[in-house]
Structure formats: structure tokens, C-alpha cells
Amino acid sequence: MRLVQLSRHSIAFPSPEAALREPNGLLALGGDLSPARLLMAYQRGIFPWFSPGDPILWWSPDPRAVLWPQTFHISRSMKRFHKSSPYRVTLNHAFGKVIDGCAQDRDEGTWITPDIVMAYHRLHELGHVHSIEVWEGDELVGGMYGVAQGLLFCGESMFSRRINASKTALLVFCDEFLRQGGKLIDCQVLNNHTASLGAVEIPRRDYLLQLAKLRAIPLPSHFWVPRTLFLSPE
């Protein structure tokens, strides 16, 4: 297997099955971050991930980390916290602030470069990328964003500036997503944090089958309309 150099004149991708085993899932480099190419990538189970100064790298790892919303793991302490949560959770109220928070709140550095921010802003404006915001009063204290693919949601990044803020974002989103017919959340690569929340690994071929089936089925038309998902019980 060899790494494929993408052309700027075509948005075609090689099959995810052609991805390298080491590093796991690296499929191609180059191309651009145009809306058409990004949408083609997500439709095929591929996503961009690269460090500042590097060429654009495209990935489709095997296995793939996913979260079934109904198996979201909520600890006893989180249950107690959520019952008296100080937070308010909204949908699509402040995408720009959320992606900036995800880019800035990283001790280890970030892959969310200015070019990535601009590209996902464009997709948000086109209705394909969405944000979940967590507020304490009028202050944004956490959130997450990702790419909609019908009944599948491709989670991209989350951040937290207060205790349990990102967990609250995912918990509230999972509840509403599941209630409205959502089936699967893509977490890309498993880490300790997502594993603790219930994410598991499945073979890439199984993920691609799920993606092909679920992206063809839309959520209710009102689902992504900006609104409040959760209000503090206080």
C-alpha cells in the first residue's frame, strides 16, 4: 500500500481500504479543504487531521471508534451533578466560539488550524456542521461540534472550561439525538476519555456499512434549528 497524493482538480478519494496500517488509517495527502471535498470525505468515512505546517492528511482508521447514543456511560457522580447542573445547553447558537474553544483549549497543541476553522465555518454556513454549546450564565464554558451525516453524527472535537462541561454537552446531545432518531456517533479514534463515556471500536468495514445506510436517512427537518436543549433545573 502507498500513500496517495490528491489532485486539486478532482475531489475523488481512494478507497478507505487502501489506508496504511502504520500509521493506522493514513490514506492520502494534499488536495484542499473545499466544502465539496470535505463532504465527499465524510461520505466515504474519511476525515482530515494534520499538524500546523504539514500538508493536509486524510485518514480512515481501522478499527473505528464509535458511540451508540443509548450506551453513553454516565457515572453516579455525573448523574448527581446533572440533576442540579448549573449549565444551559444550546444547539447552533455559537459555532464560531465553540470551534475557537476547541482550537485554543489544548495543552498539547492543536490540529484545528486557521485553515480548518475557516473550512468548517463554511460547512456550518452550508448546514452540514453543527455545534452544541454549554453556558454558565452568559459565559460559554464548554461545547462540541461535528459533521451531520443523516442519522450519524461525526464528532470532531470538544472542550471544557468548567467541571463536566464537555460531558454535559455530549450527554444532552446524545439524549436529544437518540430521541429524534439518531443512531450513531463517530468518535474516529478511541482514547481514554471517549472510552470512559462508552465509545467502542468496531471494524472499519462495519463503520462504512453503517455510514452508507445511516447517512441516507435524514433526521427530522427541525432538528438542527438553533434552540435550547437543556436548562438548569435551578
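Colleague: In which sense do β1 and strand β2 pair?

Modeller: Bear in mind that this is a predicted model. Strand β2 covers residues 26-30, and three bridges join β1 to β2. One of the partnerships puts V4 with A28 in β2. The sense of the β1 and β2 pairing is parallel.

Colleague: OK, and which strands are the edge strands of that open sheet?

Modeller: The sheet has four strands, in the order β1-β2-β4-β3, and its pairing is mixed. An edge strand here pairs on one side only. That description fits β1 (4-6) and β3 (47-48).

Colleague: There's an open sheet of eight strands too; what is its order?

Modeller: This one also has mixed pairing. Its edges are held by β11 (200-202) and β12 (227-230), each with a single partner strand, so one side of each has no neighbour in the sheet. Ignoring direction, neighbouring strands are turned by 35 degrees against each other on average. The full order is β11-β5-β10-β9-β8-β7-β6-β12.

Colleague: Who stands opposite M144 in β9?

Modeller: Let's start with the strands: β8 pairs with β9 (residues 152-160) over eight bridges. The sense of that pairing is antiparallel. Opposite M144, in β9, stands M158.

Colleague: And which helix packs on the sheet?

Modeller: Look for a helix touching β5 (64-67), β6 (88-91), β7 (129-136), β8, β9, β10 (184-188) and β12. Its direction makes about 160 degrees with that of β9. It spans residues 165-179, and its name is helix α5.

Colleague: On to the rings: how many aromatic pairs does a search of the whole structure find, and why is the pair of F81 and Y87 tilted?

Modeller: The search turns up 12 aromatic pairs. For F81 and Y87, the ring centres are 5.7 Å apart and the planes stand at 55 degrees, so this pair counts as tilted. Both F81 and Y87 are buried. So the angle behind the label is 55 degrees.

Colleague: What kind of pair do the rings of Y120 and Y145 make?

Modeller: Their centres lie 6.1 Å apart with the planes at 70 degrees, and planes over 60 degrees apart get the label edge-to-face. Y120 is in helix α4 (residues 114-125) and Y145 in strand β8 (residues 139-149), so to speak distant parts of the chain, 25 residues apart. Y120 and Y145 are both buried. The pair is edge-to-face.

Colleague: Last one: which residue lies over the face of F223?

Modeller: F223 belongs to a cluster linked by ring pairs, together with F153, F173, F177 and W224. Over the face of F223, at 5.2 Å from the ring centre, lies R227.

Definitions and conventions. Residues numbered from 1 in each chain as written. Predicted model: local features only at pLDDT ≥ 70, side-chain atom pairs only at ≥ 80, totals over all residues. Heavy atoms only, no water. Pairing = 2+ DSSP bridges. Helix = DSSP H or I, 4+ residues; strand = E, 2+ residues; numbered from the N terminus. Phe/Tyr/Trp six-rings, centres within 6.5 Å; stacked < 30°, edge-to-face > 60°. Buried < 20%, exposed > 50% of the residue type's maximum accessible area, 1.4 Å probe, protein only. Lys NZ or Arg CZ within 6 Å of the ring centre and 35° of its normal. Axes fitted to C-alpha atoms, helices over the stretch in contact; angles between N-to-C directions. Contact = heavy atoms within 4.5 Å.
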